[in-house]
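Visitor: I've got a model open and would like to talk it through with someone. Could you take my questions one at a time?

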Amino acid sequence: FMYQKWPTASITMALSTKTKEIVTMKLPVYYTPEQMDQVLEFINQSFGNGEEGLVGHEIESEYVHTDVAVVTTDEGCRCFATFGMGAREMNSPVPNLARAELVMFATEDMKVTGEEALVIASELQGMSKLPFENDTWLGPGHTVPASSRFCDTFGFDAFALDVIAASDFQDLGKVLFLAAIPIYKGERKAMMEGNTLDVLEQLEEEFGVGMYFADSYRMELKL
């Protein structure tokens, strides 16, 4: 995984060489350069403040090649967004929900090249493989357990997914941008036993936009 400055032209994609055999299902699917430019432009327009951002490149890939764009929002916060996950359709029961990218936010205090930022980028990359590893899908209302590395770094146990943006791209159709909202074990339990939307609404009432930040270090919601 490595960072480089935000590209001003089409990204040149390079396949990492592997000597071991890989089953066909694990071979990564890529956006075309034109599709990648469209998705990157959408990320910058939807979440960025217009300033140059960074791109974290995945060195070796399975299922999809997931890079991570890091932009600064108009409010000064950090936005981490995958681009590459949507190149492959998930096994979704709803055709319009078959492609997605993941988004996570952090406060303005986070150093985008620091260790915590790398933990977020790594978490998003790992999460982007889950639907293809398990022949399933990720969509609004779903919850996903966090890795031990993310738990140790930020204290959260899982993520709740919610649509934060969506767009139709040429030759792709609709791509959802799912916010990965960090949650605690008790909050996830309440979501799985009841209604995810209800719990998210309570989180918003209690913490506002702070509910989205990986480094908010907020208290657990009492449910």
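Visitor: Let's start with strand β2, residues 54-57: which of its residues are buried on one side, and which on the other?
Guide: Keep in mind that this is a predicted model. Both faces of β2 are covered. V55 and H57 are buried on one side, and the buried residues on the other are L54 and G56.

Visitor: How many bridges hold β2 and β3 in their pairing, and in which sense do they run?
Guide: β3 spans residues 67-72. Within this pairing, G56 stands opposite V68, and V55 has A69 as its bridge partner. The two strands pair in the antiparallel sense, and the number of bridges is three.

Visitor: How many of the residues in β3 are buried?
Guide: β3 has a pairing with β2 and another with β4. The strand has six residues and is mostly covered. The buried count is five.

Visitor: Which residue of β4 stands opposite V68?
Guide: β4 covers residues 78-83 and pairs with β3 in the antiparallel sense over six bridges. V68 already stands opposite G56 of β2. In β4, the residue opposite V68 is T82.

Visitor: What phi does G76 have in the turn between β3 and β4?
Guide: β3 and β4 form a hairpin, with five residues between them. G76 sits in that turn, and its phi is positive, at about 90°.

Visitor: Y63 isn't a glycine, so what is its phi, and is the residue buried or exposed?
Guide: Most residues other than glycine have a negative phi. Y63, in the loop between β2 and β3, has a positive phi of about 70°. Because its relative accessibility is 7%, under the 20% cut-off, Y63 counts as buried.

Visitor: And D135, is that one buried or exposed?
Guide: D135 is found in the loop between α2 (115-133) and β6 (143-145). This residue is not a glycine either, yet its phi is positive, about 50°. Its relative accessible area is 53%, and the cut-off is over 50%, so D135 is exposed.

Visitor: On to charges: how many salt bridges are there?
Guide: One of them joins R149 and E115, and another joins K189 and E193. The full count comes to five.

Visitor: What does the salt bridge between E58 and K129 tie together, and how far apart are those parts in sequence?
Guide: The closest N and O atoms of E58 and K129 are 3.0 Å apart. E58 lies in the loop between β2 and β3 and K129 in helix α2, so the pair ties together parts of the chain that are separated in sequence by 71 residues.

Visitor: Are E58 and K129 buried or exposed?
Guide: These two are the partners in the 3.0 Å salt bridge. E58 and K129 have the matching label here: both are buried.

Visitor: How do R149 and E115 count in terms of exposure?
Guide: Their closest N and O atoms are 2.9 Å apart, and the pair links R149 in helix α3 with E115 in helix α2, 34 residues away. R149 has 38% relative accessibility, between the cut-offs of 20% and 50%, so R149 counts as partly exposed. E115 is at 52%, over the 50% cut-off, so E115 counts as exposed.

Visitor: How far apart in space are R149 and E123?
Guide: R149 belongs to helix α3, residues 148-154. In sequence, R149 and E123 are 26 residues apart. C-alpha to C-alpha, their distance is 8.5 Å.

Visitor: Where do K189 and E193 lie, and are they buried or exposed?
Guide: Their side chains meet in a salt bridge at 2.8 Å, N to O. Both lie in helix α4, residues 185-193, four residues apart, or about one turn of the helix. As for exposure, both K189 and E193 are exposed.

Visitor: Which residues form the negative surface patch?
Guide: E204 is one of them, and E204 lies in helix α5, residues 196-207. The complete set is D198, E201, E204, E205 and E206.

Visitor: Last one, for the whole chain: what percentage of the residues is buried?
Guide: The secondary structure comes to five helices and eight strands. From the N terminus, the order is β-α-β-β-β-β-α-β-α-β-β-α-α. Of the 223 residues in the chain, the buried share is 49%.

Notes. Residues are numbered from 1 along each chain as its sequence is written. This is a predicted model: local features need pLDDT of at least 70, side-chain atom pairs count only at pLDDT 80 or more; totals for chains, interfaces and linings use all residues. Side-chain values use heavy atoms; hydrogens and water are left out. Patches are made of residues with over 30% relative accessible area and no salt bridge: like charges are joined within 9 Å, nonpolar side chains (Val, Leu, Ile, Met, Phe, Trp, Tyr) within 5 Å. Accessible areas come from the Shrake-Rupley method with a 1.4 Å probe; for residues, only the protein chains shown count as cover. A salt bridge is a side-chain nitrogen of Lys or Arg within 4 Å of a carboxyl oxygen of Asp or Glu. Lys and Arg count as positive and Asp and Glu as negative; His and the chain ends are not counted. The place of a charge is taken as NZ of Lys, CZ of Arg, CG of Asp or CD of Glu. Buried means under 20% relative accessible area, exposed over 50%, partly exposed in between (1.4 Å probe, protein chains only). Two strands pair if DSSP finds at least two bridges between them.
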